[in-house]
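This report describes selected local features of one protein chain with a bound ligand. The sequence and the structure are shown first.

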Amino acid sequence: MSRLVTQDLIIDVPGRQGGTPLNLTIEPGQSWGVLGPNGAGKTTLLHTLAGLKPPRSGHVKLADKPLAQQRRRQIARELGMVFQDRQDGFPATVLETALIGRHPYLSPWQMEGADDYARAERALERLDVAHLRDRLVNTLSGGERQRVAIATVLTQAPAIWLADEPTNHLDLHHQSAVMGLMAEQAAGGQAVVMCLHDLNLAARWCDHILLLYPSGEVCWGTRDNMLVPSALEDLYRQKLAVVEVDGAPVFVPVKG
Ligand SMILES: Nc1ncnc2c1ncn2[C@@H]1O[C@H](COP(=O)(O)OP(=O)(O)OP(=O)(O)O)[C@@H](O)[C@H]1O
């Protein structure tokens, strides 16, 4: 299984000077939550980890080799990205979209085979969008599109998931189902890195947390060490009350 390693990584957020160099190892089986306020650089970090955006300094290594030296196709067999914003203007059906997840494994002009179709169909079932298989993606609701995007990455079957707010647009049931899927991926030996705005999803489903401050300061560690109310209040500049439900902390914003 592949490991994602950053060496003295500083992400390139326009107008920001400096920041904490990130020396991080994302191990197979781990589930990371990236938390921080709007504009802190969560998406920039994820895009940098995916090799879609060059860092300001430092390196990202995938399977011991700098990302910058690897072919995109090879990277796409290892890394799957759930984007925050997608342009679904392309008139493709739900099934055709899920099948895009198989492209890293096919040679140019090679048609998808029975196994590719079976994987895509299974992923659509898993994300509860199989009934939409023949619909054009640009006719779907926001939550349906989000589930198709996740089904596409599930079809891709990467060793490492980079998911930018995977629960965006999802109702409570589907939020829980998607977080369950992410946990299942991690339990199966994949690594998962998710940007999340919901502290409570992070507290319940992630085992590692990275806190990203607008200044560029970063800290990271195990969930229990990182989800300290005073640190989170400082991160979000928001007072919090904490209760415990089912053994996990629940953070509630309070006035004052
Ligand atoms: N192309 C660009 N030109 C100028 N500024 C940019 C550009 N791309 C991103 N930024 C800025 O970089 C900062 C970090 O953006 P990023 O999208 O990584 O934040 P984020 O933590 O994911 O935010 P959010 O929680 O709102 O999704 C923001 O202030 C954003 O405005």
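A residue is called buried here if 20 or more other C-beta atoms lie within 10 Å of its own, exposed if 12 or fewer, and partly exposed in between. The model is a predicted one.

**Helix α1 and its surroundings**

By that count, the buried residues of α1 are K42, T44, L45, L46, H47, T48 and L49. Helix α1 covers residues 42–49, and 7 of its 8 residues are buried, so the helix is largely enclosed by the rest of the structure. What do these buried residues pack against? The partners are strands: β1 (4–10), β3 (31–35), β4 (57–62), β7 (160–164), β8 (191–195) and β9 (208–212). Just after α1, the chain passes through G51, which takes a positive phi of about 80°.

**The ligand shell**

The ligand is surrounded by V13, P14, G36, N38, G39, A40, G41, K42, T43 and T44. Sorted by class, this shell holds 3 nonpolar, 6 polar and 1 charged residues. Two members of the shell, K42 and T44, are also among the buried residues of α1.

**V193 in strand β8**

V193 lies in strand β8, one of the strands that the buried residues of α1 pack against. With 27 other C-beta atoms within 10 Å, V193 is buried, because the cut-off is 20 or more. Apart from its neighbours within four places in sequence, V193 is in contact with I26, W32, V34, L46, L49, W161 and L162. Of these contacts, L46 and L49 are buried residues of α1.

**Helices α4 and α5**

Helix α4 (residues 114–126) and helix α5 (residues 142–156) have axes that come within 8 Å and cross at roughly 140°. The two helices are therefore oblique to each other. In handedness, the crossing in which α4 passes α5 is right-handed. On the α4 side the contact is made by R119, A120, A123, L124 and R126, and on the α5 side by A151, L154 and T155. These contact residues divide into 5 nonpolar, 1 polar and 2 charged.

**Positive phi outside glycine**

Most residues other than glycine have a negative phi. H169 has a positive phi of about 70° although it is not a glycine. H169 is placed in the loop between β7 and α6 (172–187), and it counts as partly exposed, with 15 C-beta neighbours inside 10 Å. R237 is another residue other than glycine with a positive phi, near 50°. Where does R237 lie? Its place is the loop between α9 (229–236) and β11 (240–245). R237 is exposed, with 8 other C-beta atoms within 10 Å.

**Loop and helix positions with sequence-distant partners**

A63 is found in the loop between β4 and β5 (65–66). Is A63 buried, exposed or partly exposed? A63 counts as partly exposed, with 16 C-beta neighbours inside 10 Å. Leaving aside neighbours within four places in sequence, A63 is in contact with S2, R3 and E78.

G189 lies in the loop between α6 and β8. With 11 C-beta neighbours inside 10 Å, G189 counts as exposed.

R72 belongs to helix α2 (residues 72–78) and is exposed, with 11 other C-beta atoms within 10 Å. Its listed partner, P14, is one of the residues around the ligand.

The table gives C-alpha separations for these residues and for V193, each with one partner.

| Pair | Separation in sequence | C-alpha to C-alpha distance |
|---|---|---|
| V193 and W205 | 12 residues | 11 Å |
| A63 and L4 | 59 residues | 6.6 Å |
| R72 and P14 | 58 residues | 25 Å |
| G189 and P28 | 161 residues | 5.2 Å |

How far apart are the C-alpha atoms of G189 and P28, which are 161 residues apart along the chain? They are separated by 5.2 Å. For R72 and P14, 58 residues apart along the chain, the separation is 25 Å.

Key:
Residues are numbered from 1 along each chain as its sequence is written. This is a predicted model: local features need pLDDT of at least 70, side-chain atom pairs count only at pLDDT 80 or more; totals for chains, interfaces and linings use all residues. Helices (H or I, at least four residues) and strands (E, at least two) are DSSP runs, numbered from the N terminus. Two residues are in contact if their C-beta atoms, placed from the backbone, lie within 7 Å. Axes are lines fitted to C-alpha atoms, for helices over the stretch in contact, and angles run from 0 to 180 degrees between N-to-C directions. Angles under 35 degrees count as roughly parallel, over 145 as roughly antiparallel, 65 to 115 as roughly perpendicular and the rest as oblique. A crossing is left-handed if the near helix is turned anticlockwise from the far one by less than a right angle, and right-handed if clockwise. Ala, Val, Leu, Ile, Met, Phe, Trp, Tyr, Cys and Pro count as nonpolar, Asp, Glu, Lys and Arg as charged, and the others, Gly among them, as polar. A residue is near a molecule or strand if its C-beta atom, placed from the backbone, lies within 6 Å of it.
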